[in-house]
Amino acid sequence: MTDRILIVDFGSQVTQLIARRVRESGVYSEIHPFNKVTAESLAAYAPKAIILSGGPASVTEAGSPRIPQSVLDLGVPLLGICYGQQALCEQLGGKVEPGDHREFGRAYLEIAEDCALFHGVWAKGGREQVWMSHGDRVVALPPGFRVVGTSDGAPCAAIANDEKKIYGVQFHPEVVHTPHGAQLLRNFTHAVAGCGGDWTMQAFKAQAIAAIRQQVGAGRVICGLSGGVDSSVVAALLHEAIGDQLTCVYVDHGLMRLGESEQVVSVFRDQFKIHLVHKDASDLFLGKLAGKTDPEEKRKIIGATFIDVFEEEARKIGGADFLAQGTLYPDVIESVSVIGGPSVTIKSHHNVGGLPARMKMKLVEPLRELFKDEVRALGRELGLPDDMVGRHPFPGPGLAIRIPGQEITRDKLDILRKADAIYLEEIRNAGLYDAIWQAFTVLLPVRTVGVMGDSRSYDYACAIRAVTSTDGMTADFYPFPHDFLGRVASRIINEVKGINRVTYDITSKPPGTIEWE
Ligand code: XMP
């Protein structure tokens with residue numbers, strides 16, 4: 001079994017980053033909520049070391065979260081971060097006080113002593129940049145600990161018990177604003193805990209294939225392909241694991257971008273030789289959408305029609321025992337709410353919601369343990385083309401929600417597709433594609449007057465949108481240089497019949513959303 005690190009979550013906004021940093025160093029890690037960790041779950045997971053996350057509570061308040069005693073009894077190396085450090089001190093015999101000097105954002109750590117955590121990174125006497133976010137602070141150490149780092153707001157900003165291999169830091173090594181943080185975490189997982197760093201995508205792929213074979217046996221699996229990164233990687237992985245036991249169904253709702261359907265068919269059917277059903281259902285979808293302008297109504301029609309078509313195609317191929325889905329780790333992690341009591345919400349994400357139960361199928365979710373960037377690495381490992389693996393997210397309802405407040409017609413879809421293709425081509429040519437989370441064109445429900453040549457034009461206006469984001473929950477508009485904007489606008493207006501005006505959407509999320517509908 002590969003070495004594993006357990007991250008006990010106390011509800012910090014950045015707990016996921018700890019898992020990512022640990023995995024980036026080649027060590028498998030999982031996040032478990034503090035109130036779900038038991039002696040049994042620890043024995044089953046068998047971590048080589050445990051990291052205690054930060055969190056919004058205060059250990060000085062009654063009823064605030066505590067480290068499960070089973071974690072302290074396990075005897076493996078421990079690293080407490082922010083709240084995790086304070087909880088360690090409080091529970092091991094030290095003292096935490098509400099600080100009158102709160103530290104938020106950039107701070108400096110004075111390295112008071114050398115220690116295993118700093119080895120090869122920071123040396124005694126140094127002054128290093130870190131990122132802090134705390135009000136409380138440790139003021140007295142538990143027995144056996146020494147101070148190895150101090151900051152203006154925290155006299156015990158880094159502490160160590162070398163004999164027991166227990167460490168605590170008040171700052172956040174998992175965020176990029178602590179420039180050497182990843183190396184400190186690596187020191188903890190590799191040097192202190194002795195993890196080997198052998199968790200690679202190649203190793204994951206082999207494990208995932210074995211697990212799929214074991215779960216599926218001789219059963220038949222159906223996979224809804226959308227052309228997006230997640231479903232594409234699921235399909236390629238399953239194909240490698242179970243070959244012809246897999247059938248992929250690509251429901252083409254006629255709302256895809258230029259050339260997208262052709263690429264899905266060519267990659268999966270022609271290149272990978274996957275059994276692929278390509279159902280052109282554009283007449284059905286566009287017929288049902290005729291005359292509809294309300295965003296929610298459009299979404300509901302598309303969702304329900306998608307399920308009907310998928311189900312019918314599945315029936316035609318004789319059904320299946322399993323439905324494969326591209327559920328990712330962020331969808332699976334249970335979020336901890338420590339402020340409102342120990343209520344736990346589980347986010348669950350179903351691309352084709354309701355289908356497994358209706359069709360009496362079990363789920364295969366081989367990406368459940370992966371973050372998005374790991375899915376991309378797995379896709380490359382499986383030989384998927386780079387432009388498919390690096391593709392921006394694309395919503396299930398497709399271009400329907402990019403023709404807002406108006407009826408969707410084939411003519412409008414054609415206009416939008418052409419404008420969108422030009423915009424994306426210019427983004428790629430400028431080398432900006434990978435710096436952007438999502439970029440697309442929106443066909444506005446307004447015609448404007450223009451002058452082209454010597455004549456008057458009266459055509460649609462479109463908006464171009466590009467955002468940066470890490471998870472789609474919040475987003476900033478992408479600040480294009482003016483010459484880039486001018487080039488895109490003039491190409492769209494010159495090359496796309498039907499558009500005579502281009503606007504630039506500079507709304508962030510919140511208060512806007514990424515899509516217009
Ligand atoms: P919003 O517009 O809510 O979008 O800021 C956040 C992210 O979700 C995508 N999105 C969808 N994805 N089905 C999907 O699979 C949908 O119905 C859907 N609606 C929005 C959107 O493109 C963005 O990445």
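How far does a polar side-chain atom of R299 lie from an oxygen atom of the ligand? That was my opening query, and it came back as 2.7 Å. Note to self before going on: this is a predicted model.

**Entry 1, the ligand**

I stayed with the ligand and pulled up what surrounds it. The list reads R299, P395, G396, P397, W437, Q438, G472, K509, T513, I514 and E515. Next I went through the polar atoms. E515 puts a polar side-chain atom 2.5 Å from a ligand oxygen. With G396 the backbone does the job: one of its polar backbone atoms is 3.2 Å from a nitrogen atom of the ligand. So far I have R299 and E515 reaching ligand oxygens through side chains.

**Entry 2, the 9-strand sheet**

Then I looked up the sheets. One is open and has 9 strands, in the order 2-1-3-4-9-8-7-5-6, and its pairing is mixed. Which strands are at the edges? I found strand 2 (28-33) and strand 6 (127-140) there, each pairing on one side only. On average, neighbouring strands in this sheet are turned by 20° against each other, with direction ignored.

I zoomed in on one pair. Strand 8 (residues 158-161) and strand 9 (residues 166-169) are antiparallel and share 4 bridges. Within that pair, I159 sits opposite G168 of strand 9.

Helices next. Helix 1 (residues 15-24) lies across strand 1 (4-9), strand 2, strand 3 (49-52) and strand 4 (78-81), and I get about 160° between helix 1 and strand 2. Helix 5 (residues 181-192) lies across strand 1, strand 3, strand 4 and strand 9, at about 160° to strand 3.

**Entry 3, R137 on an edge strand**

I clicked on R137, which is in strand 6. Is R137 buried or exposed? Its relative accessible area is 18%, so it counts as buried; the cut-off for buried is under 20%. Beyond its neighbours within four places in sequence, R137 is in contact with Q86, K95, V96, E97, G99, D100, G153, A154, P155 and Q170. For G153 I also have a distance: its backbone oxygen is 3.2 Å from a polar atom of the R137 side chain.

**Entry 4, the 5-strand sheet**

The other sheet I checked is open too, with 5 strands in the order 12-11-10-13-16 and parallel pairing. Strand 12 and strand 16 (362-364) stand at its edges with a single partner strand each, so one side of each has no neighbour in the sheet. Here neighbouring strands are turned by 25° against each other on average, direction ignored.

I followed strand 16 to its partner. Strand 13 (residues 322-324) runs parallel to strand 16, and 3 bridges join them. A324 is the residue opposite V364 in strand 16.

Two helices go in the notes for this sheet. Helix 6 (residues 201-216) lies across strand 10 (221-224), strand 13 and strand 16, running at about 170° to strand 16. Helix 7 (residues 229-242) lies across strand 10, strand 11, strand 13 and strand 16, and its angle to strand 10 is about 160°.

A little further along I stopped at T327, in the loop between strand 13 and helix 11 (329-332). T327 is buried, at 4% relative accessibility. Which side chain does T327 meet in a polar contact? I found E365, at 2.6 Å.

**Entry 5, helix 9 and R410**

Last stop was helix 9 (residues 282-289), where the buried residues are S282, F285, L286 and L289. Why do they end up on the same side of helix 9? They cover an arc of only 90° around the axis, which places them there. This buried set packs against strand 11 (246-252), strand 12 (275-280), helix 10 (295-316) and helix 15 (410-429). Just past helix 9, G291 takes a positive phi of about 80°.

I picked up R410 in helix 15. R410 is partly exposed, at 43% relative accessibility. Leaving out residues up to four places away in sequence, R410 touches S282, D283 and L286. Its side chain also has a polar contact of 2.5 Å with the side chain of D283. I ran one more distance, R410 to L52: the pair is 358 residues apart in sequence and 54 Å apart in space, C-alpha to C-alpha.

Terms used
Residues are numbered from 1 along each chain as its sequence is written. This is a predicted model: local features need pLDDT of at least 70, side-chain atom pairs count only at pLDDT 80 or more; totals for chains, interfaces and linings use all residues. Side-chain values use heavy atoms; hydrogens and water are left out. Buried means under 20% relative accessible area, exposed over 50%, partly exposed in between (1.4 Å probe, protein chains only). The arc is that of the directions from the helix axis to the C-beta atoms. Contact means heavy atoms within 4.5 Å. Two strands pair if DSSP finds at least two bridges between them. Axes are lines fitted to C-alpha atoms, for helices over the stretch in contact, and angles run from 0 to 180 degrees between N-to-C directions. A polar contact is a pair of N or O atoms within 3.5 Å; within protein, one must be able to donate a hydrogen and the other to accept it, and residues adjacent in sequence count only if both atoms are side-chain atoms. A residue is near a molecule or strand if one of its heavy atoms lies within 4 Å of it.
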